[in-house]
Amino acid sequence: LHDRTVIGSDCSIGTNVTVGGKSKHYNVPVIGNNVYIATGAKILGPITIGSNVTIGANAVVICDVPNNVVMAGVPAKIIKYIE
């Protein structure tokens, strides 16, 4: 986890997860509340992860994520909306 990363409350982060910046960018990820990041996921760059989000195992997230979704894949895409 990058030392400047902002993480909200009630978040769960699996093992071998990378959260950090991209080269030539000062900003790092901002993670909302009630987020679950599964094992091996990578959250990279100056992006914002919304609240009530699940990020699947080994997903690579390189763009902003809205609230109430499930993300998976390389690169990560929305696979489900949480109601």
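The following conversation goes through the strands, core and surface of a predicted model.

User: Where should I start? Which strands does the sheet with β1 have, and in what order?

Analyst: That open sheet has three strands in the order β1-β4-β7, and the pairing is parallel. Strands β1 and β7 (48-49) stand at the edges with a single partner strand each, so one side of each has no neighbour in the sheet.

User: How many bridges join β1 to β4?

Analyst: Two bridges join β1 to strand β4 (residues 30-31), and the two strands run parallel. One pair of bridge partners is I7 with I31 in β4.

User: Where is I7 itself, then?

Analyst: I7 is in strand β1, which covers residues 6-7. Its relative accessibility is 35%, so I7 counts as partly exposed. Partly exposed applies to values between 20% and 50%, which is why 35% falls in that class.

User: Which residues make a nonpolar surface patch with I7?

Analyst: The patch is made by L1, I7 and I13, and its area is about 260 Å².

User: What about T5, is it buried or exposed?

Analyst: T5 is buried, because its relative accessible area is 14% and the limit for buried is under 20%. This residue lies in the segment before β1.

User: Which residues is T5 in contact with, leaving aside neighbours within four places in sequence?

Analyst: T5 is in contact with V19, V28, P29 and I31. I31 is also the bridge partner of I7 in β4.

User: Changing topic: what is the order of the sheet that contains β6?

Analyst: The order is β3-β6-β9, in an open sheet of three strands with parallel pairing. Here β3 (18-20) and β9 (60-61) stand at the edges, each with a single partner strand, so each has one side without a neighbour in the sheet.

User: How many bridges are there between β3 and β6?

Analyst: There are three bridges, and β3 pairs with strand β6 (residues 42-44) in the parallel sense. Within this pairing, G20 has L44 in β6 as its bridge partner.

User: Now the inside. How many residues does the largest nonpolar core have?

Analyst: The largest nonpolar core has 17 residues. Those with the most contacts inside it are I37, I43, I49, V53, I55, V61 and V65. In soluble globular proteins, nonpolar side chains tend to be buried together.

User: What does V53 touch beyond its neighbours within four places in sequence?

Analyst: V53 is in contact with N34, V35, Y36, V65, P66, N67, N68 and V69. Of these contacts, V65 is also among the core residues with the most contacts.

User: V69 is on that list. Which residue stands opposite V69 in β11?

Analyst: V69 stands opposite Y81. Strand β10 (residues 69-72) is joined to β11 by four bridges, and the two run antiparallel. Another pair of bridge partners is V70 with K80 in β11.

User: What is between the strands in that hairpin?

Analyst: Four residues are between β10 and β11 in the hairpin, where G73 takes a positive phi near 105°.

User: How many residues of β11 are buried?

Analyst: The number buried is zero among the five residues of β11 (residues 77-81), so this strand lies largely in the open.

User: And how does β8 pair with β10?

Analyst: Strand β8 (residues 54-55) pairs with β10 in the parallel sense over two bridges. In this pairing, T54 stands opposite V70 in β10.

Conventions:
Residues are numbered from 1 along each chain as its sequence is written. This is a predicted model: local features need pLDDT of at least 70, side-chain atom pairs count only at pLDDT 80 or more; totals for chains, interfaces and linings use all residues. Side-chain values use heavy atoms; hydrogens and water are left out. Patches are made of residues with over 30% relative accessible area and no salt bridge: like charges are joined within 9 Å, nonpolar side chains (Val, Leu, Ile, Met, Phe, Trp, Tyr) within 5 Å. Accessible areas come from the Shrake-Rupley method with a 1.4 Å probe; for residues, only the protein chains shown count as cover. A salt bridge is a side-chain nitrogen of Lys or Arg within 4 Å of a carboxyl oxygen of Asp or Glu. Buried means under 20% relative accessible area, exposed over 50%, partly exposed in between (1.4 Å probe, protein chains only). A nonpolar core is a set of buried Ala, Val, Leu, Ile, Met, Phe, Trp, Tyr and Cys residues joined through side-chain atoms within 4.5 Å. Contact means heavy atoms within 4.5 Å. Two strands pair if DSSP finds at least two bridges between them.
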